[in-house]
Amino acid sequence: MSGTAEHEDTKDEMEDEDDKELRWLDEQEKAAWTGLISLVLLLPGKLESPLRQEHGLTLFEYLVLSHLSEAPRRELRMGELAFLASGSLSRLSNVVKRCEQRGWVARTPDPANGRYTLAGLTDAGFDIVRLAAPTHLRAVRRVVLDSLNTTDQKALARIAQRLHIVPDDFG
């Protein structure tokens, strides 16, 4: 199939979607959407505030360092780290550059495949994670987990898994 034919098929599918009657949210859907968007927009700030105040870290920086601290040999491919920290490669690259300047992370070519770059946690980076982890854990418990029973926690994990988008090139 030529590129033009593929483009026409996609265009036809989009037009079919536009022709369908718009389905407005019912009350249950609206409550679910409002709850989700509130979590997405407000929760990161509530988790980041104590990290910034006590350790000068953003939530994303902490997640990057934390995932590296848990990885074998404390290193991960940049693409995998971006996925685990829920960020884009360009955002991760900027954060890793700042962490390199602070002496917390070092980047090296992947010896198994030179097309990839590894981010590795230094001893100084591990020390900052170790200091910041209790602050983050207290915030996670206070803001999220302590308000949920076991059933709610399982439901939240199940919903997150269903809504999570895994990049095609992950792995």
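Two residues are said to be in contact here when heavy atoms of one lie within 4.5 Å of heavy atoms of the other. With that meaning in hand, and keeping in mind that this is a predicted model, the reader can begin at Gly-87, which sits in the loop between H4 and helix H5 (89–101). Leaving aside residues up to four places away in sequence, Gly-87 touches Phe-60 and Ala-82. Gly-87 can also be placed relative to Leu-63, since the two are separated by 24 residues in sequence while their C-alpha atoms are 10.0 Å apart in space.

From this loop the path leads to helix H3, which spans residues 59–70. The axes of H3 and H6 come within 10 Å of each other and cross at roughly 115 degrees, and the crossing in which H3 passes H6 is left-handed. On the H3 side the contact is made by Leu-59, Tyr-62, Leu-65, Ser-66 and Ser-69, which meet Phe-126, Ile-128, Val-129, Ala-132, Ala-133 and His-136 in H6. Sorted by class, this contact of H3 with H6 holds eight nonpolar and three polar residues, with no charged residues.

Helix H6 (residues 123–143) also packs against helix H2 (residues 27–55), with axes 9 Å apart and an angle of about 150 degrees between them. Because angles over 145 degrees count as roughly antiparallel, H2 is roughly antiparallel to H6. H2 passes H6 in a right-handed crossing. The residues of H2 that take part are Leu-43, Lys-46, Leu-47, Pro-50, Leu-51, Glu-54 and His-55, and their partners in H6 include Leu-131, Ala-132, Thr-135, His-136 and Arg-138. The contact of H2 with H6 comprises nine nonpolar, three polar and four charged residues.

The helices considered so far also bear on the largest pocket, which encloses about 1,700 Å³ of space. Its lining is made up of 41 residues, and those nearest the centre of the pocket are Leu-39, Val-40, Leu-43, Leu-156 and Ala-160. Leu-43 thus appears in two settings, being among the pocket residues nearest the centre and also one of the H2 residues that meet H6. At least two lining residues come from each of H2, H3, helix H4 (78–84), H6 and helix H7 (150–163). Of the contributors to this lining, H2 gives the most, with 13 residues. Considered by class, the lining of the largest pocket has 26 nonpolar, nine polar and six charged residues.

Key:
Residues are numbered from 1 along each chain as its sequence is written. This is a predicted model: local features need pLDDT of at least 70, side-chain atom pairs count only at pLDDT 80 or more; totals for chains, interfaces and linings use all residues. Side-chain values use heavy atoms; hydrogens and water are left out. Axes are lines fitted to C-alpha atoms, for helices over the stretch in contact, and angles run from 0 to 180 degrees between N-to-C directions. Helices (H or I, at least four residues) and strands (E, at least two) are DSSP runs, numbered from the N terminus. Angles under 35 degrees count as roughly parallel, over 145 as roughly antiparallel, 65 to 115 as roughly perpendicular and the rest as oblique. A crossing is left-handed if the near helix is turned anticlockwise from the far one by less than a right angle, and right-handed if clockwise. Ala, Val, Leu, Ile, Met, Phe, Trp, Tyr, Cys and Pro count as nonpolar, Asp, Glu, Lys and Arg as charged, and the others, Gly among them, as polar. On a 1 Å grid over the protein atoms alone, a cavity is a set of points where a 1.4 Å probe fits but cannot get out, and a pocket is an open set with protein on both sides within 12 Å along at least five of seven lines; lining residues have an atom within 4 Å of a point. Grid points are joined across faces, edges and corners, and a volume is the space filled by probe spheres set on the points.
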